[in-house]
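This report describes the architecture of a single protein chain. Helix packing is treated before the sheets, and selected residues follow.

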Amino acid sequence: MAVLCSIRVVFSALFTLHTTFADAERTFARWESMRPSSDQQQQRQQRTAFLPQTDSFQGLRSALDSALGVGHGVQDWHMQEILAELTPTWKSLPQDSFGRVNRRSLNYVAHRYFEQRYSLSIIGLQPTSLNSSQQEAQLLADFAPKYVRSMQEGEASLEGFSIEEAVAMVVLLEHLLADSSRDLLEAVYMRYNIESRPKSGPKSGHSLEELRPMLRHYLLRWLLQEDAEALKQARRDPSYASNSFEDWATMAGLLPGSLEAFAHLSANGVRRAGASTSQSAWNPFHQSFSFEDTQLAASSLTSSFGSFWKTECSAVKEKLLRLDTASSGRVKLSKFHGAALSGDWHFSESKDYLRKLGALDETSSWHGPQVIIPNYLQSASNCIVTAPYYHICCPNECEAHLDALESAVGAPTADPKLLLALVRDLLAENSDDDARLPATMRSQLMAIASTHNGRVPLHGRLFAQWLHFAFP
């Protein structure tokens, strides 16, 4: 599907071509996940102080060694950070007496982590893909088949999975995602070298000015992925990118900006893990970036771009909410298409396509067909990148509310009265209006509990639907 859209995101100056060392340092710091500052270390220690440091943490290291091999280089603070982020969701899932979960729950935990931290939806881990307990992330199936076999045939397949094994799975996926940019970048590198520097290989160093056209080419290829027709148009028309992406000039500065930050910090003795050039060999007066240096910047684009796409998603949501005069979380289809006729390219999907997306409510004879706002925002129509192993789409805002409820409840099920109190608090935090829930909403939650021995399953389908109505 062609990604022919105008990105109205106004990126901050943090990701433009930096004119000051301070700007460069702030940009690089965003991606310097492998080298935390002393302040960051202190914050992480405070957040993870409650985590086990003895047998359980040794089990975590053992799980990582099994998944990545001994000498994987993953820092303890990063393992602790992931463990801290997974713990609230883990506690809210059904477990056996040893604290283990089934395969479906393991995949769900990993899905939630990548969606919340990176705004990435990993192919094979989405909730719609979890109907089968044997569903697997395609990235793991293609690049870590031995690991997948161990999950399907090993002891854990019978006994369940521990939270340490969940952390290992997340770390492995992070590594594979970072490497997933390599093939595309190498193809673009080779094309650039063949045309401009036939005696150079992909390991040769280049100045930033030499790299700029190649980096722009990489960004466009990354955005368009396998859209052959769009790629043909881009090759024929030099203005294709600027015509298709309103903020292309700003976007084209993302990767060069990262390398400029890299150069600034290298000149000041700070080196990023994975960079190929040794600190002693770095010459600030003759800067040369290797393939590995450039791949670090390309990898960071995968993990950071989703947070900026949220801005565009927020703009689309605000437009839909203005059309939702009843505050129902739905927009009449006639109003939806009326906005498209007025020139808004977002709302041009056909009725049949909206139905296939699961974004069309046709249950009301009075209102007629209505577009369900959260379902539409999370549909494929609002994905900016559709790579073979992941999508970058609009975030599911209900996930943030569910995360708060999981942390507060700390169990797979909850008393409906407790949930009503927690939801009222969340509503009060997000609105100046009366935070009271309608009587119908309260009775619906009680009805859900009545079918589950007086408790509400936090991850049940009915409660998910109820949350959509509570936070339209």
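## Packing of H11 on H16

Helices H11 and H16 cross in the right-handed sense. Their axes come within 12 Å, at a crossing angle of roughly 35°. The model is a predicted one.

On the H11 side, the contact is formed by Leu 211, Met 214, Leu 215, Tyr 218, Leu 219, Trp 222 and Leu 223, which meet Thr 294, Ala 298, Leu 301, Thr 302 and Phe 305 of H16. By residue class, this contact of H11 with H16 comprises 10 nonpolar and 2 polar residues, with no charged residue.

## Packing of H21 on H23

A second helix pair consists of helix H21 (residues 416–430) and helix H23 (residues 461–470), whose axes come within 12 Å and cross at roughly 35°. The crossing of H21 and H23 is right-handed. H21 contributes Leu 419, Leu 420, Val 423 and Leu 427 to the contact, and H23 contributes Phe 463, Trp 466 and Ala 470. The residues of this contact divide into 7 nonpolar, no polar and no charged.

## Overall composition

The secondary structure of the protein amounts to 23 helices and 8 strands. Of its 472 residues, 48% count as buried. The exposed surface is about 22,800 Å², of which carbon and sulfur atoms supply 51%. When contacts between residues at least 6 apart in sequence are considered, 69% of them join residues at least 24 apart.

## The sheet E1-E6-E5

Three strands, in the order E1-E6-E5, form an open sheet with antiparallel pairing. Its edges are strand E1 (120–122) and strand E5 (385–386), each of which pairs on one side only. E5 is joined to strand E6 (residues 390–392) by 2 bridges in the antiparallel sense. Within this pairing, Thr 386 has His 391 of E6 as its bridge partner.

Helix H16 (residues 291–323) packs on this sheet and touches E1 and E6; the direction of H16 makes about 35° with that of E6. H16 thus appears in two settings: it meets H11, and it packs on the sheet.

## The sheet E2-E4-E3

Another open sheet of 3 strands has the order E2-E4-E3, again with antiparallel pairing. Strand E2 (330–332) and strand E3 (360–361) are the edge strands, each pairing on one side only. E2 and strand E4 (residues 370–372) run antiparallel and are joined by 3 bridges. Val 331 has Val 371 in E4 as its bridge partner.

Helix H17 (residues 333–341) lies across E2, E3 and E4, and it runs at about 75° to E2.

## Buried charged residues

Lys 317 is located in helix H16. Its relative accessibility is 18%, so Lys 317 counts as buried under the 20% limit. Apart from its neighbours within four places in sequence, Lys 317 is in contact with Leu 377 and Glu 397.

Glu 136 lies in the loop between E1 and helix H6 (138–143). Its relative accessibility is 8%, and Glu 136 therefore also counts as buried. Beyond its neighbours within four places in sequence, Glu 136 is in contact with Arg 103, Asn 107, Ile 123, Gly 124, Val 148, Met 151 and Met 169. Between Glu 136 and Ile 122, which are 14 residues apart in sequence, the C-alpha to C-alpha distance is 9.9 Å.

## Positive phi in loops

Most residues other than glycine have a negative phi. Gln 225 has a positive phi, near 55°. This residue is in the loop between helix H11 (208–224) and helix H12 (228–236). Phi of Asn 453 is likewise positive and near 55°; Asn 453 is in the loop between helix H22 (439–450) and strand E8 (456–457).

Which of the terms buried and exposed applies to Gln 225, and which to Asn 453? Gln 225 is buried, with a relative accessible area of 10%, whereas Asn 453 is exposed, with a relative accessible area of 77%.

Notes:
Residues numbered from 1 in each chain as written. Predicted model: local features only at pLDDT ≥ 70, side-chain atom pairs only at ≥ 80, totals over all residues. Heavy atoms only, no water. Pairing = 2+ DSSP bridges. Helix = DSSP H or I, 4+ residues; strand = E, 2+ residues; numbered from the N terminus. Contact = heavy atoms within 4.5 Å. Axes fitted to C-alpha atoms, helices over the stretch in contact; angles between N-to-C directions. Left-handed = near helix turned anticlockwise from the far one by under 90°. Nonpolar A, V, L, I, M, F, W, Y, C, P; charged D, E, K, R; others polar. Buried < 20%, exposed > 50% of the residue type's maximum accessible area, 1.4 Å probe, protein only. Areas by Shrake-Rupley, 256 points an atom, 1.4 Å probe, with all protein chains shown as cover.
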